[in-house]
Amino acid sequence: MSKIMSHADDTLATLAEAPTSRRTFLRTASLSAVGGALVACGKDGGQSGAQAQKPAAAVPVRPESGQTGGTMGAHDTVKPAPGALSAADAMDAMHEKGIKAFPAKTAVYGNQPFEPKIVNGVKVFEITASEMQWETAPGQMVKAMAYNGQVPGPQIRVREGDRVRVVLKNQLTQSTAIHFHGCELQNDMDGVPFITQPPVKPGQSFTYEFTVPNAGSHMYHSHHNAATQVGLGLLGAFIVEPRNKAQEPKVDQDVVFILNDGAHGYTFNGKSFPATLPIVAKLGQKVRIRYMNEGMMIHPMHLHGMHQTVIAKDGWPVPAPWKCDTLNIAPGERWDVIVNCTNPGTWAFHCHILPHAESEHGMFGMVTALVVQK
Amino acid sequence: MSKIMSHADDTLATLAEAPTSRRTFLRTASLSAVGGALVACGKDGGQSGAQAQKPAAAVPVRPESGQTGGTMGAHDTVKPAPGALSAADAMDAMHEKGIKAFPAKTAVYGNQPFEPKIVNGVKVFEITASEMQWETAPGQMVKAMAYNGQVPGPQIRVREGDRVRVVLKNQLTQSTAIHFHGCELQNDMDGVPFITQPPVKPGQSFTYEFTVPNAGSHMYHSHHNAATQVGLGLLGAFIVEPRNKAQEPKVDQDVVFILNDGAHGYTFNGKSFPATLPIVAKLGQKVRIRYMNEGMMIHPMHLHGMHQTVIAKDGWPVPAPWKCDTLNIAPGERWDVIVNCTNPGTWAFHCHILPHAESEHGMFGMVTALVVQK
Amino acid sequence: MSKIMSHADDTLATLAEAPTSRRTFLRTASLSAVGGALVACGKDGGQSGAQAQKPAAAVPVRPESGQTGGTMGAHDTVKPAPGALSAADAMDAMHEKGIKAFPAKTAVYGNQPFEPKIVNGVKVFEITASEMQWETAPGQMVKAMAYNGQVPGPQIRVREGDRVRVVLKNQLTQSTAIHFHGCELQNDMDGVPFITQPPVKPGQSFTYEFTVPNAGSHMYHSHHNAATQVGLGLLGAFIVEPRNKAQEPKVDQDVVFILNDGAHGYTFNGKSFPATLPIVAKLGQKVRIRYMNEGMMIHPMHLHGMHQTVIAKDGWPVPAPWKCDTLNIAPGERWDVIVNCTNPGTWAFHCHILPHAESEHGMFGMVTALVVQK
């Protein structure tokens, strides 16, 4: 059975279930390589790494093999430039600090499961758009526009054929409207001011109601002054499960992964590294990831250690699934992939436009991890 | 039978055939949502929208159902900040003005059908490159380089196996040459100065002649100082229909959709919103769209209300058609899609890099509409 | 049998085998269009082009046919603006100079075949990271970080199931580490400082050892301060041939094509046009190209004259090969294509983001050629 919950909940639940505190998680999962002993724990890689901590002496790489080719003697011949080591240490310390902080706690998470009210069989979602301060990383406060106080807005999950009502209340100081991106709705529910409806002015409400059409990983977001409003956070996932569940791949986790790159910086689900949430899975689990790009730039998402199998584009199953490790997501696109968690460890997972993920001060922005627990 | 004509002609013909003036078209199609009554006309969506025009009172959303969950009471509890409404009104007025102007008339349209002279069985196209002023939107004049006074240049349509002669006359103040992008020509017809031919200097002519090879949605454009010349307009569609028409999907309209993002701003077929031309189709029609990116940036093209089925890449049929609503088009690429016009209404159709499509002043640039008429 | 060697070697070997000097190659292949006579040598295109050199008189395009439609009379009616021709000539001279210089010789080439030491059945690759000056084009020296003095680093080719040891020596003034991008290694060999290993500090070494997993076109590069280090050159190809060679397409050449766009400008395998190396093939040969994007931007790679058949994404065979002439490569992606060299001549081959390939001063950056020799 698929566990369907928000990414934040997945992570917190996993950590709560496990006989470990969050602090322990960090130590065992994310920071498993920090400290001299930790890198020596691989199955057959014990010959490596720890020695890098001991630059003062040549250390045989595989003492048991006695091969001269395996001797690390670089430090015998290489003399770092004066000051190089301390400058390198200073840079490394910044990098280490960021990774040690991961996953850094922030006050509020977006993309929370949205439980509708059921009114005469209609699933009713009440959404209020308002301005607020949003914390993208610890202490990093940005101006936001948010649905129900979350960036991304709460995650809507409905089923093909459901009757759905979305009541939008506008508490912003500018007009707005909601477009259900990817849903093939009747025209007057399409959410484009002056084309399909009037703008929803400050203080006003607007009700969208429809029978849910095509299944898939869709989005809801502002379609008014949208370069600004979506950039500031008026966006969320609108997942439509197919009427026939047998069509769906069986997965253990179903994760929504919204990319953005506007005024809030480079974010995954509204957070920047180290405040991004890792995906935590057990060895052997299947994870479905639903990428959604709400930004202005492409983001080629690179997963370490395991490949991604692409199963759907914009909610439509692809004719034949295909594999990759780096999936390019363009603005407005959604791509669904399956990751078979066959490789234990903490795996970097990031946008491969490197300036979106790392600077001289360490990792930031579009970085998270897939943690595969044995 | 496929109606093969330019996009501008399609639109104008449709408007001419219909018992409506252009002004009426605007009112009924593009602006159907403007005014209090218009958004209440959906089949089963009549409960929504109109109320947004009446912020002073709580209005039951579905009077006939009497559900309290359906009551819009936001304006009872929300108090806009002082001045917010007027600022919002001012912004909305700019947005409305742009949409009301669509499709705004400009003096000259590019991508017009190009009738060859037939000389002893050879299809002869005479193309003059010259500098001119080009109107991208009403009153928005830009410096252009154009083929036969059009941006994009006139649309060439030939058939596999045709003998074609293209006579280029250079009336520019710099040299130029034509590359038939995507056509697998013999080397000396490839149009790259100093590699396959000399540059065609100001005042000179050059004649390309070849038997048309591979079918598909190709392009012709300058390959000399091309970052400048293509950016300024020396580009056009070069469509090659297959020898065996049975290979082609049967469609009612065949629309060329050229994207550009250079010195002329963000344009579709040389025009910026609101001067872009809508695609106007009848309910049930099939429209083939041939996207061609002549710019420097990706443009993920998002169609509202209906999906796009991808049938060809760079003129080559894809092994298995696949569906999407947002198709990422990179520079130099061509993608052919089919849209089944099953959903009536006026549908926004735009690049989903939002700053290419909307600002605080309203929609601009890479925005048009697909109008599906009942 | 596939000839597996570096691109530089391919080219040099081809030129060495052929009874021509490098100078002759330039004249016959790359510059075959320079000079009035050269463009008149096509099989059935002899009617064109040469006349463009003679603006003073109307010249029948096809004297043998006597068609008036074939008469070039542009120069009778067109009068260039005063000074236009000389300005155009000056621009053309810059363009010609660049193309005449191609392929311009530079001191050192990257991506050279990397012969491992075999130690007790283990393939051992010793890699030293150091700072150096790198020549991207004749006289164009840039600061680089390089593996074994090459940008890209030496090309590693191993086979699925091989036991491989990579000994990294850090002679930089900052820490580093190697990530084997695309290889599904055990976690402690993944090369991400503070997540899977400590940083390798200046003067230190680190040994990676593993049994080679999934086949495909992979990369090795720094994963520490990587936006800087990869931008400066710490990257290379890591090709894994499948255990079962029968799975591989039979090709005559196997070319690695690494794209970068950082501090070194727009480069193919570390070089900018005119210092990029052409691919030189014989008519009828099949060439496999392994594109790898190590930059920050997309690069849609456009080949003139022939199409590309896509066979793999990130090392994974695609479910059904598909054809294109312009293939969009995003950062971190690898795409494998086959080109059937069926069309003789020198063909431009470039990124189709035109400002990455050409300026008013001529071609530069991401331009090379595929030369198909009869």
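The exercises below work through a predicted model.

Residues are numbered from 1 along each chain as its sequence is written, while chains are lettered from A and ligands numbered from 1 in the order in which they are written. In this predicted model, local features need pLDDT of at least 70 and side-chain atom pairs count only at pLDDT 80 or more, whereas totals for chains, interfaces and linings use all residues.

**Exercise 1. Describe the make-up of chain A.**

Step 1. Take the secondary structure, where helices (H or I, at least four residues) and strands (E, at least two) are DSSP runs numbered from the N terminus. Chain A has five helices and 24 strands.

Step 2. Turn to burial. A residue is buried if 20 or more other C-beta atoms lie within 10 Å of its own, exposed if 12 or fewer, and partly exposed in between, with C-beta atoms placed from the backbone. Of the 374 residues in chain A, 61% are buried.

Step 3. Look at contacts, meaning residue pairs whose C-beta atoms, placed from the backbone, lie within 7 Å. Among contacts in chain A between residues at least 6 apart in sequence, 73% join residues at least 24 apart.

**Exercise 2. Locate the domains of chain A and describe where they touch.**

Step 1. Domain bounds come from an automatic or database domain assignment. For chain A it gives domain 1 (7-12 + 249-373) and domain 2 (117-244).

Step 2. The C-alpha centres of domain 1 of chain A and domain 2 of chain A are 23 Å apart. To the contact, domain 1 of chain A gives 23 residues and domain 2 of chain A gives 25 residues.

Step 3. On the side of domain 1 of chain A that touches domain 2 of chain A, β12 (253-260), β15 (286-293) and β20 (334-340) of chain A each supply at least two residues. That side of domain 1 of chain A has eight nonpolar, nine polar and six charged residues. Here Ala, Val, Leu, Ile, Met, Phe, Trp, Tyr, Cys and Pro count as nonpolar, Asp, Glu, Lys and Arg as charged, and the others, Gly among them, as polar.

**Exercise 3. Which strands stand at the edges of the open sheet in chain A, and why is one side of each left without a neighbour?**

Step 1. Two strands pair if DSSP finds at least two bridges between them. Four strands of chain A form the open sheet in the order β6-β11-β10-β8, with mixed pairing.

Step 2. β6 (156-159) and β8 (178-181) of chain A are at the edges; each has a single partner strand, so one side of each lacks a neighbour in the sheet.

Step 3. Inside the order, β10 (residues 216-222) and β11 (residues 235-241) of chain A pair in the antiparallel sense over six bridges. Met219(A) has Ala237(A) in β11(A) as its bridge partner.

**Exercise 4. Find peptide bonds and phi values that depart from the usual.**

Step 1. Most residues other than glycine have a negative phi, and most peptide bonds are trans.

Step 2. The bond from Phe102(A) to Pro103(A) is cis, with omega near -10°. Pro103(A) is in the loop between α4 (84-101) and β3 (117-119) of chain A. Val151(A) and Pro152(A) are also joined by a cis peptide bond, with omega about -5°. Pro152(A) is in the loop between β5 (140-147) and β6 of chain A.

Step 3. Asn148(B) has a positive phi, near 50°. It is partly exposed, with 17 other C-beta atoms within 10 Å.

Step 4. Phe194(C) has a positive phi, near 75°. With 24 C-beta neighbours inside 10 Å, Phe194(C) is buried.

Methods. Two residues are in contact if their C-beta atoms, placed from the backbone, lie within 7 Å.
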